[in-house]
Amino acid sequence: MSSVHPTDIQTGGPVPPSDEYKIMVLLVDDQAMVGEAIRRALLNEAHIDFHFCTRAEEALAVAEKTRPTVILQDLVMPGVDGMTLVRQYRASTILANVPIIVLSSREDPEIKRDAFAGGANDYMVKLPDVIELVARLRYHSRSYINLLQRDAAYRALRESQQQLQKTNFELQRLTNTDGLTGIANRRYFDDYLGAEWRRARRDGLDLSLLLIDVDFFKLFNDTYGHVAGDAVLRRVAQTLDNSIQRPADLSARFGGEEFAMILPRTPLAGAQTIAHKVCQLVEANQIAHERSNVSAWLTVSVGAACVIPGQEQDISELIEMADRRLYLAKQQGRNRVVWQEA
């Protein structure tokens, strides 16, 4: 069975398991004798490749090109000293985490201290014992490879979490959205109105509601067909949604050819203004309705209501008030707004 490996954060390619990863050793040392001795020491070691650079001024470029899993860096080189190179490796986005073993000709505590302070991971006196050298190369390379795998795994985890979050948002959107019109559905309308009702009651704020009915919609369906009727409902929904200017306002499909708009912190005069605007915008779409008795174009009727909820007041009172006024708007000839019952 095949497996999928994490991605190397440096190369963009897959990161194999650490026991399959090729160890890449880069020696930076101006002495050919040292290079040959280490080459021979590693010659028969499985899964270890060896690279040798003798020029300090080329070391950074060679290291970035070969992408070693461990760097053996001589401390004393002509032109550029070894610690300067260590700092350059650490400043490189490609090499920043690559283990560095510095090679010195002396066992000196102060030199060791400075090497570790400058970013080295290990310190060896050359020429090191072969067994010890190989053990340290394998140890540091394995640690580096594990780091790559952890970083790649973390990135994969974050990508998975983000995808899951995106999926959850999409599921939430589908749960809250009317499938035909694309605006909020009745379920979300009920939840949203309930939340705004509680907020308005707590803070003593106005809460307005518009109930909107498409005039003579049954006659429109009978004349133009149900496909055209569905298209009209989508167009009206889009018109309502486009008329919203505040983030807190919500347009929703209330049921059938009825729509609603929740207008938090909006007094009755403001709701009345918005309702008139909705009527004008729908008619301005100029959707032909030859069997309408009020216009050559498709129109809507609106009932507007507003309350500052009392502690003992039920949310149904606001809906029933808007519904009564919508009924009056249709009784009085349609294509109008009614915001009072007297």
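Two strands pair if DSSP finds at least two bridges between them, and that rule lies behind the strand partners named in these legends. The model shown in every view is predicted.

**Figure 1. Strand β9 meets strand β10 in the parallel sense.** Here we look at the pairing of β9 with β10, the latter made of residues 337-338. The two strands share 2 bridges. To find your way, start at G303, which stands opposite V338 in β10.

**Figure 2. Strand β6 runs alongside β9 in the antiparallel sense.** This view turns to another partner of β9: strand β6, residues 207-214. Their pairing extends over 8 bridges. A handy landmark is D213, which sits opposite S301 in β9.

**Figure 3. Both faces of strand β9 are covered.** How many of the residues of β9 are buried? The count is 8 of 8 for this strand, which spans residues 300-307. In a regular strand the side chains alternate between the two faces of the sheet. On one side of β9 you will find V300, V302, A304 and C306, all buried. The other side carries S301, G303, A305 and V307, and these are buried too.

**Figure 4. Helices α2 and α3 pack at an angle of about 25°.** Helix α2 covers residues 56-66 and helix α3 covers residues 82-91, and their axes lie 10 Å apart. Angles under 35 degrees count as roughly parallel, so α2 is described as roughly parallel to α3. The crossing of this pair is right-handed. For a tour of the contact, look for A56, A59, L60 and A63 on the α2 side, where they meet L85, Q88 and Y89 of α3. By class, the residues of this contact comprise 6 nonpolar and 1 polar, with no charged ones.

**Figure 5. Helices α8 and α9 pack at an angle of about 135°.** Our last stop shows helix α8, residues 226-243, against helix α9, residues 268-284, with 10 Å between their axes. Roughly parallel, roughly antiparallel or oblique: which word suits this pair? The two helices are oblique to each other, because the angle of about 135° falls outside the ranges set for the other classes, with roughly antiparallel starting over 145. The crossing of α8 and α9 is right-handed. From α8, the residues V236, T239, L240 and S243 meet K277, V278, L281 and V282 from α9. This contact of α8 with α9 brings together 5 nonpolar, 2 polar and 1 charged residues.

Note on methods. Residues are numbered from 1 along each chain as its sequence is written. This is a predicted model: local features need pLDDT of at least 70, side-chain atom pairs count only at pLDDT 80 or more; totals for chains, interfaces and linings use all residues. Side-chain values use heavy atoms; hydrogens and water are left out. Axes are lines fitted to C-alpha atoms, for helices over the stretch in contact, and angles run from 0 to 180 degrees between N-to-C directions. Helices (H or I, at least four residues) and strands (E, at least two) are DSSP runs, numbered from the N terminus. Angles under 35 degrees count as roughly parallel, over 145 as roughly antiparallel, 65 to 115 as roughly perpendicular and the rest as oblique. A crossing is left-handed if the near helix is turned anticlockwise from the far one by less than a right angle, and right-handed if clockwise. Contact means heavy atoms within 4.5 Å. Ala, Val, Leu, Ile, Met, Phe, Trp, Tyr, Cys and Pro count as nonpolar, Asp, Glu, Lys and Arg as charged, and the others, Gly among them, as polar. Buried means under 20% relative accessible area, exposed over 50%, partly exposed in between (1.4 Å probe, protein chains only).
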